[in-house]
Amino acid sequence: MNLADKTDTTSAANPGDFNIAICGAGPVGQTLALLLCKQGVAPESIVLFDAKTSSQAEQDVRSIALSYGSQQILSNASAWPVKATNIQQIHVSRRGHLGRSLIDCKDYQIPALGYVARYGDIMMPLQRALAQSGIHIQRPVKVSALEETEDRVTLRLQGGSAITAGVVVQAEGGSFADQRQKTQHHDYQQTAIISHITVSQPVAQRAFERFTGQGPLALLPQEDGYALVWCVRPMVAEQLLVLDDVAFKQALQHAFGERLGTILTISVRHSYPLGLNAQAHATRRTVTIGNAAQTLHPVAGQGLNLGLRDASIMAPLLANCMPLTMLQAASGDLLSTQLQLFLQQRRTDRQTTIRLTDTMARIFASAPDGALTQSMLGLGLGLLDIIKPAKKILAEQMMFGWR
């Protein structure tokens with residue numbers, strides 16, 4: 001076992017007590033902890049709970065699209081550079097119909113629209129920064145229940161132990177299939193098939209978002225090929241997942257076309273169901289952020305980026321109401337005010353991003369197959385290239401969120 005995987009049992013000023021507890025030590029939870037320290041919060045007053053070991057996190061090979069804005073947030077948290085592939089352009093099209101849009105970083109005077117990295121590669125610099133920070137991290141530990149009182153929150157841990165904290169940030173959301181239904185909920189009846197492919201005619205640093213009748217098909221430039229996210233109906237997914245590699249490549253080639261030449265290789269395939277499940281939530285001493293607050297459709301790759309923006313806004317608000325010493329309890333009234341201010345400040349960006357991904361997932365995947373309807377959708381993509389202000393708004397939303 002790696003030393004970093006051992007449970008940290010070091011206590012704060014009062015045994016078992018912390019000012020801030022963060023449940024969920026993925027990129028969002030870890031970024032929040034590091035940004036809190038940048039805001040002057042004492043690292044020994046913060047505890048992170050991680051259900052996984054650090055080795056499990058670093059060995060996760062899932063591909064993640066990070067926006068340019070997220071790169072800036074990670075840099076602020078001293079968790080950049082990350083081993084990643086730049087996205088210079090995003091090509092958006094509708095399968096089988098004219099009309100497309102090309103978003104280019106040069107039009108916005110930035111070095112990249114975003115980056116494609118493996119989850120484990122994002123975690124490595126975060127965990128190195130945490131190891132040097134003095135922040136407490138307990139892993140592998142699961143929080144089984146929260147009990148909130150006037151001045152503290154008790155966290156019940158699996159195994160029977162407990163600690164208390166002045167405020168709890170819930171950053172562990174889990175997958176759509178395992179979540180409790182929230183107020184904004186929709187099952188898209190789509191399954192995402194993910195893999196890594198190589199092609200005969202790659203276009204360097206260009207990502208592709210291709211809308212099909214089944215759902216969006218994304219190819220993100222990564223290393224020597226592309227990360228594939230192919231959204232299809234569950235029954236179709238079942239059929240695709242049992243195909244051999246040759247038959248699967250043929251099906252993918254038919255769905256995507258020959259814009260990148262011939263599909264040469266395909267890695268092991270995985271899948272997960274897709275849905276929207278979102279609800280902004282805060283009590284007097286608890287708040288949800290990231291995937292715990294909103295699980296989105298992967299179209300446009302906004303999920304983690306929205307969560308990192310949550311962490312970026314939360315850090316200074318939470319830091320402003322932390323006590324000067326570990327022996328003091330954070331004022332419940334001040335905490336409640338700051339947590340409600342957080343919800344208010346995040347409302348527009350959250351709802352804009354939710355509406356964007358939800359609309360794209362529903363319209364392009366569920367539109368009637370009639371030639372006129374499909375042509376109108378393709379024409380809409382073409383007009384996006386012509387109407388520069390609209391294109392700029394879309395690009396900035398994807399890179400930075402609503403500001």
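**Contacts, cores and a small sheet**

In this predicted model, 76% of the protein's contacts between residues at least 6 apart in sequence join residues at least 24 apart.

Reader: How many helices and strands does the protein have, and what share of its residues is buried?
Author: The protein has 403 residues. Its secondary structure comes to ten helices and 19 strands. The share of residues that count as buried is 55%.

Reader: Which helix gives the most to the largest nonpolar core?
Author: That core holds 87 residues. Leu 318 is one of the six that touch the most other members, along with Ile 20, Ile 22, Leu 32, Leu 36 and Leu 113. The top contributor spans residues 303-319 and gives nine residues. The name is helix H7.

Reader: Which residues does Leu 36 touch, leaving out those up to four places away in sequence?
Author: Leu 36 belongs to the largest nonpolar core. Its contacts include Ile 20 and Ile 22. Val 41 and Ile 46 are also among them. The list is completed by Ala 315, Leu 318 and Ala 319.

Reader: What is the strand order in the open sheet of three strands?
Author: Strand S3 (63-67) and strand S4 (85-87) are the edge strands. Each of them pairs on one side only. The pairing is antiparallel, and the order is S3-S7-S4.

Reader: Which residue in S7 is the bridge partner of Thr 85?
Author: S4 and strand S7 (residues 114-118) run antiparallel. Three bridges join them. For Thr 85, the partner in S7 is Val 116.

Reader: What angle does the direction of helix H4 make with that of S7?
Author: Helix H4 covers residues 119-133 and packs on the sheet. There it touches S3 and S7. The angle between the directions of H4 and S7 is about 95 degrees.

Reader: How far apart in sequence are the parts that Trp 80 and Tyr 115 tie together?
Author: The two rings form an edge-to-face pair, 5.2 Å centre to centre, with 65 degrees between the planes. Trp 80 lies in the loop between helix H3 (68-76) and S4, while Tyr 115 is in strand S7. The pair therefore ties together parts separated in sequence by 35 residues.

Reader: Trp 80 and Tyr 115: which is buried and which is partly exposed?
Author: Buried means under 20% relative accessible area. Tyr 115 has 8%, and Trp 80 has 22%. So Tyr 115 is buried, and the partly exposed residue is Trp 80.

Methods. Residues numbered from 1 in each chain as written. Predicted model: local features only at pLDDT ≥ 70, side-chain atom pairs only at ≥ 80, totals over all residues. Heavy atoms only, no water. Helix = DSSP H or I, 4+ residues; strand = E, 2+ residues; numbered from the N terminus. Buried < 20%, exposed > 50% of the residue type's maximum accessible area, 1.4 Å probe, protein only. Contact = heavy atoms within 4.5 Å. Core = buried A, V, L, I, M, F, W, Y, C linked by side-chain atoms within 4.5 Å. Pairing = 2+ DSSP bridges. Axes fitted to C-alpha atoms, helices over the stretch in contact; angles between N-to-C directions. Phe/Tyr/Trp six-rings, centres within 6.5 Å; stacked < 30°, edge-to-face > 60°.
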